[in-house]
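Subject: Structure handover, helix packing and pockets

Hello,

Here is the structure for your next round of work. My notes on helix packing and pockets follow below it.

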Amino acid sequence: MQLLKNTVENIHPLSELHMKASKERLDRLIKPVGSLGKLEDICIQLSGITKKKYFDTDKKVIIAFAGDHGVYEEGVAPDPQIITKLQFPNFTKGLCGVGAISKFVNSDVIAVDLGINTDDNLEGVLNYKIRKGTSNMAKGPAMTREEAIKCLEIGIEITNDCISKGYNLIGIGEMGICNTTPSSAIVSVISECDPTDVTGIGAGLRKDRLEHKANTIRKAIELNKPDKFDGIDILAKVGGFEIGGMAGVILACAANKVPIVIDGFISYAAALIAYTISPMTKEYMIASHTSAESGTKKALEVLKLDPMLNMDMRLGEGSGAALAFNIIEAANFAYKNMATIDEVDIGK
């Protein structure tokens, strides 16, 4: 608990001074003012995050977490749970979506097992297992409050280690069969909407099963009564270990003045947990893409985030965050390398 407490205490607003300096440079580049649109917004935000007029975004990593879910036994996902165990090692091998895209954009991938339903140590995967999956949230809390804090603190610990090794641009990813169910529950609680409004097909659930999935989420919320103002309570009662891990990464990035790129729907849930624990974390988030999953609009409304991409993606894993890395680097490269009107007389 002390690590979490210290981390939250070290989260501060972005530097207005450095954002102003960044905007002044952008406005003097040889282009119409504001004509690079969101690329300029990214640079201004990065200046405020890093408290530097010039910043680096060259050493990138996706930190991905995996965990299984007790609510799977309610029939809310079409795929066998063993897929979590089988797929997760592919993250670091470059064989899955996030692995291949990360390899293309020259990003590392760190894969962390927080709760996969297996006793095996998986190749290329860090074993921080809390236990083999959460409890069934439709029958009681998904985890204890102590476990919720533990997964947050593991995320913080791993992120602190990455930052100490020089990583300056971090994205989050995940794996866990049926984890759209706890994610929808989190969005439902924090946005105060009915589960029907934020429940989608996930990895391919038949549409005729959507009502059952929404009813399962509603039952879990009514049974556990999570406190919408207490992010740890929400995580414990209707969350997942991998969601907590990602929320920990967000908190640690904010505390260390490092930009955090969030992925799709599952990471929105993690972002909402982090935001509920410390609202200032939102200032450090860069939203990569608009997920095609139901519930996206509600989550992004609460976070007031405007993703840079809309690619109809709903893979998760961190694939959208990895894809966005190149855009962020392009923004930074243009910011640093374009000439200013003081350096080039374009009137000659």
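Which residues in H2 meet which residues in H3? The model is a predicted one, and in it the H2 side of the contact consists of His18, Met19, Ser22, Lys23 and Leu26. On the H3 side they meet Glu40, Cys43, Ile44, Ser47 and Gly48. By class, the residues of this contact are four nonpolar, four polar and two charged.

As for geometry, H2 covers residues 16-28 and H3 covers 38-50. The two helices pack at an angle of about 145 degrees, and their axes are 7 Å apart. The crossing of H2 with H3 is right-handed.

Helix H13

H13 (residues 296-303) has two packing partners to report, H8 and H12.

With H12 (265-277), the angle is about 30 degrees and the axes lie 10 Å apart. Angles under 35 degrees count as roughly parallel, so H12 and H13 are roughly parallel to each other. H12 passes H13 in a left-handed crossing. From H12, the residues in the contact are Phe265, Tyr268, Ala271, Leu272 and Tyr275. From H13, they are Thr296, Ala299, Leu300, Val302 and Leu303. Nine of these residues are nonpolar and one is polar, with no charged residue in the contact.

With H8 (residues 180-191), the angle is about 50 degrees, again with axes 10 Å apart. That makes H8 oblique to H13. This crossing of H8 and H13 is left-handed. Val187, Ile190 and Ser191 in H8 are in contact with Lys298, Ala299 and Val302 in H13. The class count here is four nonpolar, one polar and one charged.

Ala299 and Val302 of H13 therefore appear in both lists: they meet H8 and they also meet H12, where contact means heavy atoms within 4.5 Å.

Pockets

The largest pocket has a volume of about 490 Å³. Its lining is made up of 31 residues, and those nearest its centre are Asn179, Gly202, Ala203, Arg314 and Leu315. Helix H4 (82-87), strand E4 (169-175) and helix H12 are the elements that give two or more residues to this lining. H12 gives the most, with three residues. H12 is thus a packing partner of H13 as well as a contributor to the largest pocket. The lining divides into 14 nonpolar, 10 polar and seven charged residues.

The second largest pocket has a volume of about 290 Å³. It is lined by 13 residues, of which Asp41, Gln45, Met285, Leu305 and Asp306 lie nearest its centre. H3 and strand E6 (285-287) each supply at least two residues of the lining. The most comes from H3, which gives four residues. H3 also packs against H2, as described above. In the lining of the second largest pocket, six residues are nonpolar, one is polar and six are charged.

To recap the pockets: H12 gives the most to the lining of the largest one, and H3 gives the most to the lining of the second largest.

Regards

Methods:
Residues are numbered from 1 along each chain as its sequence is written. This is a predicted model: local features need pLDDT of at least 70, side-chain atom pairs count only at pLDDT 80 or more; totals for chains, interfaces and linings use all residues. Side-chain values use heavy atoms; hydrogens and water are left out. Axes are lines fitted to C-alpha atoms, for helices over the stretch in contact, and angles run from 0 to 180 degrees between N-to-C directions. Angles under 35 degrees count as roughly parallel, over 145 as roughly antiparallel, 65 to 115 as roughly perpendicular and the rest as oblique. A crossing is left-handed if the near helix is turned anticlockwise from the far one by less than a right angle, and right-handed if clockwise. Ala, Val, Leu, Ile, Met, Phe, Trp, Tyr, Cys and Pro count as nonpolar, Asp, Glu, Lys and Arg as charged, and the others, Gly among them, as polar. On a 1 Å grid over the protein atoms alone, a cavity is a set of points where a 1.4 Å probe fits but cannot get out, and a pocket is an open set with protein on both sides within 12 Å along at least five of seven lines; lining residues have an atom within 4 Å of a point. Grid points are joined across faces, edges and corners, and a volume is the space filled by probe spheres set on the points.
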